[in-house]
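Visitor: I'd like a close look at one part of this model, with the rest brought in afterwards for context. Please start with whatever I should be wary of.

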Amino acid sequence: MAFDANGAVLAEPQGDAVVKVRDVVKFFGQLKVLDGVSLDVKAGDMVAIIGRSGSGKSTLLRCMNGLEDIQEGKIVICGHEVGYGQSNRADLRRDVGMVFQSYNLFPHLTVQRNITLALTLVKKKSKAEAQRLAEQVLDQVGLADKMLSYPEQLSGGQQQRVAIARSLALSPQVMLFDEVTSALDPELTVEVLRVMEDLAKGGMTMILVTHEMAFAQRVANQVVFMHKGKVWEAGPTRELFSSPKTSEFAQFIGTGL
Amino acid sequence: MIQFGPAHVIYILEAVRWTVVLSLVAFAGGAVLGLLLALARVSRSILLRAFSAAYIQTVQGTPLLILLFLAYFGLSLLGYRLAPLVAAGLALTLYVGAFLGEIWRGCIQAVPRTQWEASDCLGLNRFQQYAYIILPQAIRIATPPTVGFMVQVVKNTSLASVIGFVELTRAGQIVNNSTFQPLMVFILVAALYFAICYPLSVASRALERKLNVAR
């Protein structure tokens with residue numbers, strides 16, 4: 001990725017970008033929350049979007065998945081243009097998974113049914129196949145024994161791991177994580193981050209909005225720093241953290257400039 | 001003057017049956033109408049939303065007594081002479097539908113927006129979201145106020161007496177007209193309404209406790 005401080009693209013986008021965000025503008029009423037955001041994410045990238053509260057990072061992620069409409073610009077994920085009309089919504093959903101800050105498990109369904117529901121309804125898998133996949137993803141997040149529990153019987157960290165498993169079961173190309181550890185205490189955060197790190201090692205394309213700076217620095221290979229609705233600074237993690245180009249980013253990571 | 005005797009008591013007791021039947025008709029019809037109205041109120045179509053809102057506003061702003069008059073006397077002027085039970089059932093259905101529609105709309109909207117988002121992100125279409133995610137949760141929220149409203153409906157069936165439908169209240173009036181023992185007669189009538197409604201109230205409270213604990 002290559003951007004100047006205002007988030008304008010310096011280089012032409014790479015051909016193999018699975019996520020392309022171009023000049024996206026988003027208003028909440030009069031408030032401009034995204035002000036010309038562009039970025040590319042390549043397959044296998046783990047991109048951490050960081051920034052202060054209100055910088056527009058969560059909104060950007062939600063726009064990527066069509067949960068918010070955009071007023072200008074264009075977002076293409078896995079070849080599907082996001083937003084505007086419902087026609088390709090199903091294609092987008094097949095390729096993009098999302099995990100939320102508040103887990104959003106279905107409280108009236110068991111862990112197993114939380115996972116198998118979309119497999120049977122959307123992917124038309126047989127019951128046995130869905131069941132097998134549920135076992136597999138739950139095992140992957142270390143919760144194989146919680147199959148028949150209800151969400152309220154699990155800790156926050158466990159719920160979030162189930163939410164990751166639920167998304168993972170649909171084998172998406174890209175996974176979006178919206179501040180998934182913000183509601184958890186440090187102890188539980190660790191177990192969720194470990195699952196995410198495993199995913200990243202497995203080659204999953206991941207975009208996460210996060211406040212876990214140490215985690216972002218260690219695991220993400222690309223970092224995007226957002227400020228005032230713009231991509232203020234972006235690039236490979238090590239480069240960005242070792243030599244911040246803008247005073248805002250330097251201040252944010254606390255090195256001072 | 002005829003003495004208030006066992007025959008009168010039996011006559012009144014038998015009329016309980018019609019109060020129950022009318023309540024059930026009102027509730028079954030009102031539930032179907034109410035569900036449609038509630039779904040229309042939260043639909044994406046402005047037309048459906050506006051229509052159901054207008055219906056609910058209109059009916060909620062009209063006394064049930066007037067709805068009964070319209071269904072019985074009004075329709076007969078137009079050439080549809082309905083039997084008292086049918087007219088009362090119709091008026092109560094329209095009335096219960098409006099109120100349940102509004103109660104259930106609130107319950108559907110009380111399911112957190114994030115449940116819509118999460119199920120949307122999993123690829124569920126709108127019908128699947130309603131059927132598997134939203135309505136099952138809304139029903140839990142809706143149970144206590146719905147049972148509570150049933151109590152109101154049972155009591156409101158007494159208004160059907162004015163169009164000559166012989167339910168509990170009308171039976172009481174008839175017996176009173178021949179015995180002139182209003183205190184005895186209407187205490188009996190009141191006790192019978194209480195006997196129908198009290199179990200419902202208890203059930204409502206029990207459900208409320210149970211569902212609150214579960215959440």
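**The four-stranded sheet and its surroundings**

Guide: Start with the weak stretch: over residues 5–14 of chain A, pLDDT stays under 50, and the model has 23 contacts beyond four places in sequence for those residues. Where pLDDT is low, the predicted coordinates should not be read in detail, so don't lean on those contacts. This is a predicted model, and the rest of the confidence picture goes like this: chain A averages a pLDDT of 88, with 91% of the residues scoring at least 70. By element, confidence in chain A is lowest in helix H2 (residues 89–95), at a mean of 86, and highest in helix H3 (residues 111–121), at 96.

Now for the part I'd zoom in on. Four strands of chain A form an open sheet in the order S2-S1-S4-S5, and the pairing is antiparallel. S2 (31–42) and S5 of chain A stand at the edges with a single partner strand each, so one side of each has no neighbour in the sheet. Further in, S1 (residues 17–28) of chain A runs antiparallel to S4 (residues 72–77) of chain A, and 5 bridges join them. If you want an anchor for that pairing, A:Val19 stands opposite A:Ile77 in S4(A).

Moving along to the edge, S4(A) pairs with S5 (residues 80–81) of chain A, again in the antiparallel sense, over 2 bridges. There, A:Val76 has A:Glu81 in S5(A) as its bridge partner. S4(A) and S5(A) form a hairpin with 2 residues between them, and A:Cys78 in the turn has a positive phi of about 50°. A helix joins the picture too: H1 (residues 57–64) of chain A lies across S1, S2 and S4 of chain A, running at about 65° to S2(A).

For context, here is the other sheet. It is open, has 6 strands in the order S6-S7-S8-S3-S9-S10 (chain A), and its pairing is mixed. Its edge strands are S6 (96–99) and S10 (230–236) of chain A, each pairing on one side only. From one strand to the next, the twist averages 15°. At the S10 end, S9 (residues 222–227) of chain A pairs with S10(A) in the antiparallel sense over 6 bridges, and A:His227 stands opposite A:Lys230 in S10(A). Helix H6 (residues 186–201) of chain A packs on this sheet, touching S3 (46–51), S7 (174–178) and S8 (205–209) of chain A, and its direction makes about 145° with that of S8(A).

Last, a helix pair. The axes of H4 (residues 127–140) and H5 (residues 156–168) of chain A come within 9 Å and cross at roughly 135°, which makes H4(A) oblique to H5(A). The crossing is right-handed. On the H4(A) side the contact is made by A:Val137, A:Leu138 and A:Gln140, and on the H5(A) side by A:Val162, A:Ala165 and A:Leu168. Sorted by type, the residues of that contact come to 5 nonpolar, 1 polar and no charged.

Definitions and conventions:
Residues are numbered from 1 along each chain as its sequence is written. Chains are lettered from A and ligands numbered from 1 in the order in which they are written. This is a predicted model: local features need pLDDT of at least 70, side-chain atom pairs count only at pLDDT 80 or more; totals for chains, interfaces and linings use all residues. Side-chain values use heavy atoms; hydrogens and water are left out. pLDDT is the predictor's confidence in each residue, from 0 to 100. Contact means heavy atoms within 4.5 Å. Axes are lines fitted to C-alpha atoms, for helices over the stretch in contact, and angles run from 0 to 180 degrees between N-to-C directions. Angles under 35 degrees count as roughly parallel, over 145 as roughly antiparallel, 65 to 115 as roughly perpendicular and the rest as oblique. A crossing is left-handed if the near helix is turned anticlockwise from the far one by less than a right angle, and right-handed if clockwise. Ala, Val, Leu, Ile, Met, Phe, Trp, Tyr, Cys and Pro count as nonpolar, Asp, Glu, Lys and Arg as charged, and the others, Gly among them, as polar. Two strands pair if DSSP finds at least two bridges between them.
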